[in-house]
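I opened this one to see how the chain is put together. Notes follow in the order I looked things up.

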Amino acid sequence: MLSGVPQGSILGQLLYTIYTADIPQSDTTILSTFADDTAIFTTHPDPTLASANLQDHLRSIENWTGKWRLKINKTKSSHITFTLRRGHCPPVYINQTVVPHAETVNALTPNDI
């Protein structure tokens, strides 16, 4: 293994927390992590600006994962928009790949462990 934290080890959760302690933050988004799942939230009345804020944060995370030789699992990534108004929300990208839009999201919680 060239990078990362071994899954299932006794120290795995602590090592993962230490390893990812410097994950980029943003003033326009909220980063939430649980185990090895990460969610990024942003709010804005204008969906175009909300997507732009999210895309900016994703770019900084792309740079960070590149620096630490981590890979984002694009097949487990999705983009969801919560709104009372119907409208177009621009796509976001991870490493030049469109993050698929979803209607629902499954989030890992402490009860799932």
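**Notebook: fold, helix 2, odd phi values**

I began with contact range: of the contacts between residues at least 6 apart in sequence, 47% join residues at least 24 apart. This is a predicted model, so I kept in mind that local features need pLDDT of at least 70.

Next, the layout. I count two helices and four strands in the chain, and from the N terminus they run α-β-β-α-β-β. The chain has 113 residues, of which 23% count as buried. I also pulled the accessible surface, which comes to about 8700 Å², with 57% of it belonging to carbon and sulfur atoms.

Then helix 2. Helix 2 covers residues 47-67, 21 residues in all. I checked its span: first C-alpha to last is 30 Å, close to the 30 Å expected at 1.5 Å a residue. At the N-terminal end I found a cap from D46, with a side-chain oxygen 2.8 Å from the backbone nitrogen of T48.

Which residues of helix 2 are buried? My list reads A50, S51, N53, L54, Q55, H57, L58, I61, E62, W64 and T65. A reminder to myself: an α-helix has 3.6 residues a turn, so residues three or four places apart point the same way. I then asked what the buried residues of helix 2 pack against. The partners are helix 1 (12-19), strand 1 (30-34), strand 2 (37-41) and strand 3 (93-94).

On to the nonpolar core. The largest one has five residues, and helix 2 residues L54 and L58 are in it along with V92, I94 and V99. In general, nonpolar side chains tend to be buried together in soluble globular proteins. I followed V99 further: leaving aside neighbours within four places in sequence, V99 is in contact with S77, S78, H79, V92, Y93 and I94. Two of those names, V92 and I94, are core members too.

Last, backbone angles. Most residues other than glycine have a negative phi, and I came across exceptions. R69 follows helix 2 with a phi near 55 degrees, and I placed R69 in the loop between helix 2 and strand 3. Is R69 buried or exposed? R69 has a relative accessible area of 58%, so I logged it as exposed, the cut-off being over 50%.

N95 also has a positive phi, near 50 degrees. I found N95 in the loop between strand 3 and strand 4 (97-98). At 32% relative accessibility, N95 goes down as partly exposed.

How values were computed: Residues are numbered from 1 along each chain as its sequence is written. This is a predicted model: local features need pLDDT of at least 70, side-chain atom pairs count only at pLDDT 80 or more; totals for chains, interfaces and linings use all residues. Side-chain values use heavy atoms; hydrogens and water are left out. A nonpolar core is a set of buried Ala, Val, Leu, Ile, Met, Phe, Trp, Tyr and Cys residues joined through side-chain atoms within 4.5 Å. Buried means under 20% relative accessible area, exposed over 50%, partly exposed in between (1.4 Å probe, protein chains only). Contact means heavy atoms within 4.5 Å. The expected span of a helix is 1.5 Å times one less than its number of residues. A polar contact is a pair of N or O atoms within 3.5 Å; within protein, one must be able to donate a hydrogen and the other to accept it, and residues adjacent in sequence count only if both atoms are side-chain atoms. Accessible areas come from the Shrake-Rupley method with a 1.4 Å probe; for residues, only the protein chains shown count as cover.
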